[in-house]
Each structure stands twice: as C-alpha cells, then as structure tokens.
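I sat down with this one to see how its pieces fit together. My notes follow, in the order I looked things up.

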Amino acid sequence: MSTAHTRPQSTRDLLRPEVLASLKNLDLVARSVVEGVMIGLHRSPAFGFSQEFAEYRAYAEGDDPRFIDWNVYARTGKTYIKRFLGDTNSHLMILVDTSASMGFGGPPVTKLEYAKFLGASLAFLAARQHDAVGCMIFDEEVRDYRAPSSRGGKLQGVLHCLDSATASTGTKFDKPFDKFRETMTRRGLVAVISDFYCDIEELLAGVRPLAWHGQDVVLFQVLDKQELDPEFKSNVLLEDLETGEAIEVAPQFMSEAYPKRIRAHVDDLKNAAAGIGADHVLVNTSNSLDEALRNYLLFRQRRQ
Amino acid sequence: MSFLAPLFLFGALAIALPFWLHRLQTQSSERKAFSSAMLLESAKQQVHVRRKLKYFFLLALRVAMLALLALAFAKPFFTVSNDSVMATAAGTRLIVVDTSASMGREGVFSQAQGEARRAIDDAPGDALIQVLAADNALRIAGEPGNDKAAQRSVVAGLSVSELHLNYGEMMSAVERIAATLPQPVSLHFISDFQASAMPVRFSDLVPAGVVDLTPHVVGTGEPFNWSVEFLRDGAEGLDVGVSGAGDTERIADMELSINGVVVETLGLSQTGQQTLRFDAPVYEPGENRVEVVINADDDLQIDNNWYHVVSNEPPATIPLITLNSGGLPLTYLSAALESAGDYVVEPLLAGDFDARVLSRYAWVVVDDIGLIDPQLEQALNDFLLGGGNILTFSGERAAAMEVLPLTGHRHSSSSVRTQADEFLSVGQIDVRHPALAQTEGWPSVNVTRSMPVVVQDEDNVLIRLENNEPFLIERRMGVGRLLLLTGNLDNRWSDLPVRPVFVSFIIEAARYLSGINEISKTYTAGASLPLSLTGNTSGQVVDPDGNTILSLADTTREQQVSLDKTGFYEVYTPQGQAVIAANIDPLESDLRRLTQDVLDRWQNTTGGEALAVAVAAGAEETKTVELWHWALLLLAIVVIAESILGNVHLTAQRA
C-alpha cells in the first residue's frame, strides 16, 4: 500500500512528495509547500524571517515606488522606502535541468517532478517576499527562459514555465550559464536545480563567473533514493538514460561500491561549490520538500 | 591409478551440461533504466570479475560433483607393495648361471663363473644379490644377500648338470622368483645362448617383473662336437644315429659295449648326421645294458655316450586260476598269449592255489569268477588294492550265483541265455581303451550265452552287446584293475575264442594289465620315472653312480623319481629289478648360438615392456587400494557445498 493514498495527519505530511504528486496544479503545490514551511518557521524565531518591519531608508532612483511609505512622506515631506526582514535580494533566478537523467526516479515522483516542486516553491516564496523571480529550463540547450520580474502575474508565468518542462537529451551547463550572464543586470540569487551528472570542472567553469559577479549561487542536487542507496538483488543491465550506454552490474557492487562513488561525487561537488562561494544542497526526492526549503532559507539568512 | 570399470569415465562428459547452463545464465541479466552510467564505468570490470569468480566457484563445484560421480562408478584403485615386497632404490640383481649340459664344454663353465663374479662385483653396494642355477629347472643356489664375498662363494659352488635348459621355461621361473624380491629386479643371464634352447614363442622370453636383461655370452668360438642322437634295436642289428657338428673333419671311433664289455667298434670320419649299424649283438638273458661311446676329443664330451636297455627276458608266466587244468579256457588262452612270444600260461587249480604267490605276478587270469571262494576272494582283493590286475570271465559257477564274488555284481533281470540258436552280436566298443584300440573283428563275434550283470557306478563298460547288455567291464579297485568278460572261454558260450579278434584282444589286454605299454626303458635326463607303473607303489632307485635316490620313507610313498643323470638306473620293486637308461637331451648337443639380432631383441624387449608387465605380474604380491568410497565421500561434501551455494544464488535471484 503506497503512502500516497494515506490521509495526511499533519501539515508536515502535506509536504511529502507523494502527497504533492497528487496535486495537479503546480501553483497549488508551491502555495502548500510555502505555507506549510512558513507555519513552521513562525514558531521558530531563530530563523528571523517574516514580513515584519525592519527599517526605513531614503528612496533612491530605481526603487519600486510601490514601497514608498506615504504616511512618512505626508508627515515629513520626504520619500522613504519601508524595508522588511528578508527583503534583501532583488531577484531570484531558477535554473532547472531537464536532461533525460532528471526523468529518473519514483515512484512517487521523478527527480524532474521534484525539481519542479522545488522550483515552484522557491518562486512562490520569492514572490511572497516581493522578490523578482525568473526561471530557465535547460538541458543541452536553453529550452525556456523567463526573465526575473516582480510584477504581478509574473509568478504564474514562471510556474507555467516549470510545469511545461519535460526530460530529454543530455546536460550541458555552459549554454544556460552563458545565456544567464548575457541577461544578468543586477546582483541576485541563482538556484540551479539538477542532478549534476557532469564533469565538476565544466560546471564550475559556468558557475564561477556568476559568483565573481556577485551572484549568490546555490546548487540543488536532486537525487533519487535509488541513486543514493540502490537496491538490486541480482545482476542487472543498467541503461544510461542520456547516452543509452548499458552496463551490467552486480548487486554487490551497487550496494557497496556505488554508494561510495555517488557520495564521493556529491562531496566533490559540495567542496567545489564551497571553493567558489556557492552553496550546495543535496535533495533526496524521498524526503519532504520543506527540508530543501529550510536549507534554502538558512542559506539566505547566512547571506544577509 | 587404474580403474575396474573405466567405461564409466565417459560419464564425465556430462560436465558439459553445467558449462552450458552457466553460459546461458551469464547472458540473462535484467535490463533497467538508470539515471547515469557515469559512475558505473569504472566499476564494470570489477563487477564482471567478481561475478565470474563467484559463478566459477559454483561451476567448479558442479563439475567436481559430476567428475566424482563418474570416478566413483569407474572404481579407481592403485596398488601398493605389501610388506613382503620391499621396494628399495637399488633393488635386486638376479644372476642366473646356465648349468645345462652344453655348458660342460671345456673352459666354458669356468668362464661363466668368472662372468658371474664380475656381475656380483659390479652390483650396487646396497643391491640384493641372488644367484640362481638354470637347467631343466631354476634352482636357488644360495640365500640372497648384500655380501658379495658370500655370493661369490655361491658361484664357486655351482656345477654343470647333464640336463637340458629351455629359456622360455627359465624365464617363467624367473618371473615367479622376481615377484618375491625387492624391486626393481635386473637380470644378468650368463649362458652359451644355444639356439636350441629357445622356446616356441618369443614372448615367453620376456619375464614380467624384470626391468632389464644383461646377457653374458660365454663359450664363443666355433666348437666341434660329436654326439649320439638315437639308438634303435632291430632284428638286423643296432642302428645308431650320430651327428658331427663343425667345420673341420674329425676322426673318431664309436664303441658298442654290452653289460660293460666292448663288443664292436666303428670308425667315424664324416661330419653331419649319419646312421651306423652294429651287427646283431648277442645278448645275455635278462636285461642288457647297451652303451655306445664315441671316443673323440671334441668340445662336448657328455653327449658322446648313449645308454640303452635291451630286454632278453624269458616269456613271462601268467597264472590261470581254474578248476580244470586241461579245459578249453587254458587251451584258448595259451594259444593266444604264447603267440606273442612274451607269455607262458601256467594253470593253477583253485583248490590248491597259494595266495602268497600272487605277489610274484603283475596280473592273473581267472577263467570263472564263480570259482573264487571267500579265502581266495580276500587274497585277490588285496592283490588288486596293491596294484595287481585280474582278467576274469563268467562261467557255469558264476551263472549259478546271485552275487558275484570280488566285484559284487548281480545278475540283471534278463535271464542267462541258454538256447544255442539265440545269439547276439557286439553293439558298442570303446576303441579308445588300450586293451581294445588295436583289436578288430568284434562285430563278427556271436554270443550265444552270457551272464548279464547290473552295471555299478564304478564300472566302465568297454563292450556292450546289441541289446545293450555289458559284455566287457573294467573296474578300478585300489590302484589295480579288473577286466570282467560276461562270457566264457568256451565255444558253447560264444565263438569269440575261435575268432582272430580273440588273439589280439588277449595280447593287448595282457600288455595293458602288465603295464608294458606304459613302461619305457629309455628316458631323457631330467624326466620323471613313475614308480607306480612298475607294478607296485613302492621301490628303490639306484642312480648311475650307485647311490640310492629314495630315502627309506620314500620307498613306500614316492611316486615320481627324477632322472637327473645320464646312465643306467636300477629300479627295485617287489616284482623284481628293472634297468632304466637315461640319456642327454639331443638339444644340448646342438651348440649353435643365438644370432646377435635375436639376442638384441630379447634384451630390448625385456627392458621396456617388461616394466609394465611387471606391475600386472606382481599383482599377487601387491595390495590393491580402492578409492571409490573416498570419491563418494568427497562427492557428498561437494553436493552439500553446491546445494548451499546454489541456494544462496537462488535466494538472491528470487529476491
């Protein structure tokens, strides 16, 4: 009996992948996740993240006039911008890898579906904090792109972009990062969601310029449980979803040597990301989505 | 290692089955999609090796299981030497010295002894040395040992015999001896290698259990030899076969002596085989010792003599126990026996018969078995048991009895025929019997009266009438024989006494009952003289040197006497004295040697194949250890291991 058919007992249960998979609307998924996460956070002041007032600062050209505190202006005749806690980044760019390998996983969800949930939740969370949010869907090429914007209705465009992504072909990070650098206008946060089955040096070659330009990069490495702890009881011929290469492996290897290899790869990626000031978050698709969001919020808190 | 049932080893071909199954299994892996093979690349070879290694162990167990099953059914075994055959590195050096008569050539045997001593000296220090003497038998000259001085003294004690050696028989004896000695056994054979000593089959020369043969040829050179090959006693004189072998003409003379007195001499000047005749000599009464001697300085002296016995005995007396010293039986019997010139019939009245005189005769005739009274019956019974023989007939007295004396025969249901016009012919004759083999004309015999008896188990019916009634019966009683004719020597019973077949029958029966046909007066040296055939079971034999051969105890039980010397033997039995002549085997006079090719082939054959043959021949002296039960035990262990490992694989696949 699958847990997807089990009635949720708490708010946290609503964030389990199998529950989220039953929600057909990505907007609803993102809203459910964020609201669930935020409920938890209010009970934990340590995070210090809320829509509470933080400070005033003088209006500067380029600021959104919507945030001018007109009450202050009426009393003083000066324009001040009302700032809230967490309202530190101007925009969030979400890059989602839709290579064929991202189609692996499940049930209940594939890595790509989990990446969509994660991306949508991040977008919803950013929009809730009045950040501009954009997204890019890529594999070997850039498949879709939405420039960051905080205008109303922009979130729906991002969610639609995520929702329409499908897994195909291989992965190349140079083209999406090059595209992003071309459109990059100001400092912001970049969330790259992928399984990162690539050469780490090639990845760093694309990420390193972003970091040098002041972008805060966080790498969400989405892996399925079968990738982290594969369970095979007999010999199996494994076919690479991207290249089609087939390799016969023994269960002993997959239960002993392969987990070590995948963790070594994760550690290498984590160390490499740390080396360029980026952050790395390992996401297990069998875990609840709030863990990934908590890690993301912790990351933001550290950067503020 | 050998196998009792090697055909079962073909069952090991089933090993191909697990190989085939394992090949299939390695090809049937489940195919699954995986996110990336990036991290699997380097693991591919390692996985393959481990899987192969694991499956290889299972495959090895299955192969071992089938192989052990086939092995167990094939019943492997190997042989190990038992305690009596101690294998030593040096083994045994077997030194066989030819001591046959041909080695008596001047200087040859001393040369052979020198070769034997050299073979002893050359032997490895720890080798066991065994010296054997070979003539008509292989004789152990001394105890085997490592002491070379002792073995040399054994060789010094050897002497030439007057016997013949056959190499095939010798090698057969060598096989038996070699099997009891520490292996390997090397054979040093010292001989003049006569071609006449070769066996019929060359394979008889290959001794099993001997790893190599080293021939030592002695007596080289071109010998010249005179020899007497035979002597025939004819009416016109004595014919003597003489052979002169050699390239050069030699002059010699040949003497004929009778009872030690030279009676005639002939000259010899022609080589090759020839027959010379001595004029009819005058023999003394009784047995005459005839000796032919060639006086010549040839290489082999022992074959220059030939010994012969000529019997000039008076006719033997055959006692006829009868009730009527002037009756028809005496007439017919005397006429038949005396026609041969060797017998004289002496009628003895049954009433006056002294049983003590029976021991003088080899056989007696009783003209009517019914005349035997109990006292005479006892005496004749003892006579038969002691080796005497009896020829007897039926008669009026026997016809009146229900049970015949001496034999215990009863009349058969058919009554005694008394009508003269009713006669029967002879139906069946055992012509293989010595008393009947030389007789002809039995079908012409008409039997008008007979006394049919009930045949008993110990009877041998030699003649049956046409109505299947027994007519002539032989019965062995002790070592004696009794011939019973159910008719009578009376022409009122049958016309047998007046038929020619009667004479030949009586003479052949006389020879058979007296044992004349089985006694030879001339033997070849080395032959056995059967004492029992001389007329009694005990006796004494004096060899040509005047020494008695038999011990006192053996005089009553020894049945065979070996005549190892040439010359005249005197045989004493209760029936009297007999003289036997023993001569050298003419084959020993042929001094031609084996060709070098034959000798090389003999030596080479003994070296190679003999080793393998030795294993089989030595089987009686080795212990066979069967391994099939160990194979079964190992099989059980392998089956358990295979089951466990196979179950592990099965469980993994099901999961």
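How many aromatic pairs does the structure hold over all chains? I get 14 of them. I should say up front that this is a predicted model, so nothing here goes beyond what was computed from it.

**Entry 1: aromatic pairs**

I began with Phe104(A) and Phe34(B). Their ring centres sit 5.3 Å apart and their planes make 65°, so I logged the pair as edge-to-face. Edge-to-face needs planes over 60 degrees apart. I then checked where the two rings come from. Phe104(A) is in the loop between β3 (91-97) and α4 of chain A, while Phe34(B) belongs to strand β2 (residues 30-34) of chain B, so this pair joins two chains. Phe104(A) and Phe34(B) are both buried.

Next I looked at Tyr167(B) and Trp602(B). This aromatic pair is tilted, with 5.5 Å from centre to centre and 40° between the planes. Tyr167(B) lies in helix α5 (residues 167-178) of chain B and Trp602(B) in helix α10 (residues 596-607) of chain B, so the pair ties together parts 435 residues apart in sequence. Tyr167(B) is buried, at a relative accessible area of 0%. I found 0% for Trp602(B) as well, which is also buried. Following the ring pairs onward, I got a cluster made of Tyr167(B), Phe189(B), Phe193(B) and Trp602(B).

**Entry 2: the sheet that includes both chains**

Since Phe34(B) sits in β2 of chain B, I followed that strand. I found an open sheet of three strands in the order β9(A)-β8(A)-β2(B), with mixed pairing. Which strands stand at its edges? They are β9 (246-249) of chain A and β2 of chain B; each has a single partner strand, so one side of each is left without a neighbour in the sheet. From one strand to the next, the twist averages 30°.

The link between the chains is strand β8 (residues 236-240) of chain A with β2(B), which pair in the parallel sense over five bridges. Here I noted Val236(A) opposite Glu30(B). Helix α9 (residues 251-275) of chain A packs on this sheet, where it touches β8 and β9 of chain A as well as β2 of chain B. The direction of α9 makes about 90° with that of β9(A).

**Entry 3: chain A inside**

I counted 10 helices and 10 strands in chain A. Of its 304 residues, 50% count as buried. I also checked the chain A contacts between residues at least 6 apart in sequence: 74% of them join residues at least 24 apart.

Then I went for the cores. The largest nonpolar core has 42 residues, and those with the most contacts inside it are Leu92(A), Ile94(A), Leu118(A), Leu122(A), Ile193(A) and Phe220(A). Which helix gives the largest share? It is helix α4 (residues 111-128) of chain A, with 11 residues. Apart from this core lies another of 37 residues, including Ala336(B), Val447(B), Ile463(B) and Leu496(B). That fits the general habit: in soluble globular proteins, nonpolar side chains tend to be buried together.

I picked out Ile193(A) for a closer look. Beyond its sequence neighbours within four places, its contacts include Ile94(A), Leu118(A), Leu122(A) and Phe220(A).

I did the same for Phe177(A), in helix α6 (residues 174-183) of chain A. Buried or exposed? Phe177(A) is at 0% relative accessibility, so it counts as buried. Outside the four-place window in sequence, Phe177(A) is in contact with residues including Leu95(A), Val192(A) and Leu210(A). Val207(A) is another contact, and its C-alpha is 7.1 Å from that of Phe177(A), with the two positions 30 residues apart along the chain.

**Entry 4: strands of chain B**

Strand β16 (residues 316-322) of chain B is mostly covered, with five of its seven residues buried. It runs parallel to strand β17 (residues 343-349) of chain B, joined by seven bridges. One bridge there puts Pro319(B) with Glu346(B). Between these strands the chain passes through helix α6 (residues 328-339) of chain B, and the β-α-β crossover is right-handed.

I finished on an open sheet of four strands, β12-β11-β14-β15 (chain B), with antiparallel pairing.

Methods: Residues are numbered from 1 along each chain as its sequence is written. Chains are lettered from A and ligands numbered from 1 in the order in which they are written. This is a predicted model: local features need pLDDT of at least 70, side-chain atom pairs count only at pLDDT 80 or more; totals for chains, interfaces and linings use all residues. Side-chain values use heavy atoms; hydrogens and water are left out. A nonpolar core is a set of buried Ala, Val, Leu, Ile, Met, Phe, Trp, Tyr and Cys residues joined through side-chain atoms within 4.5 Å. Buried means under 20% relative accessible area, exposed over 50%, partly exposed in between (1.4 Å probe, protein chains only). Contact means heavy atoms within 4.5 Å. Two strands pair if DSSP finds at least two bridges between them. A crossover is right-handed if, with the strands pointing away from the viewer, the path from the first strand over the helix to the second runs clockwise. Rings of Phe, Tyr and Trp (its six-membered ring) pair if their centres lie within 6.5 Å; planes under 30 degrees apart count as stacked, over 60 as edge-to-face and the rest as tilted. Axes are lines fitted to C-alpha atoms, for helices over the stretch in contact, and angles run from 0 to 180 degrees between N-to-C directions.
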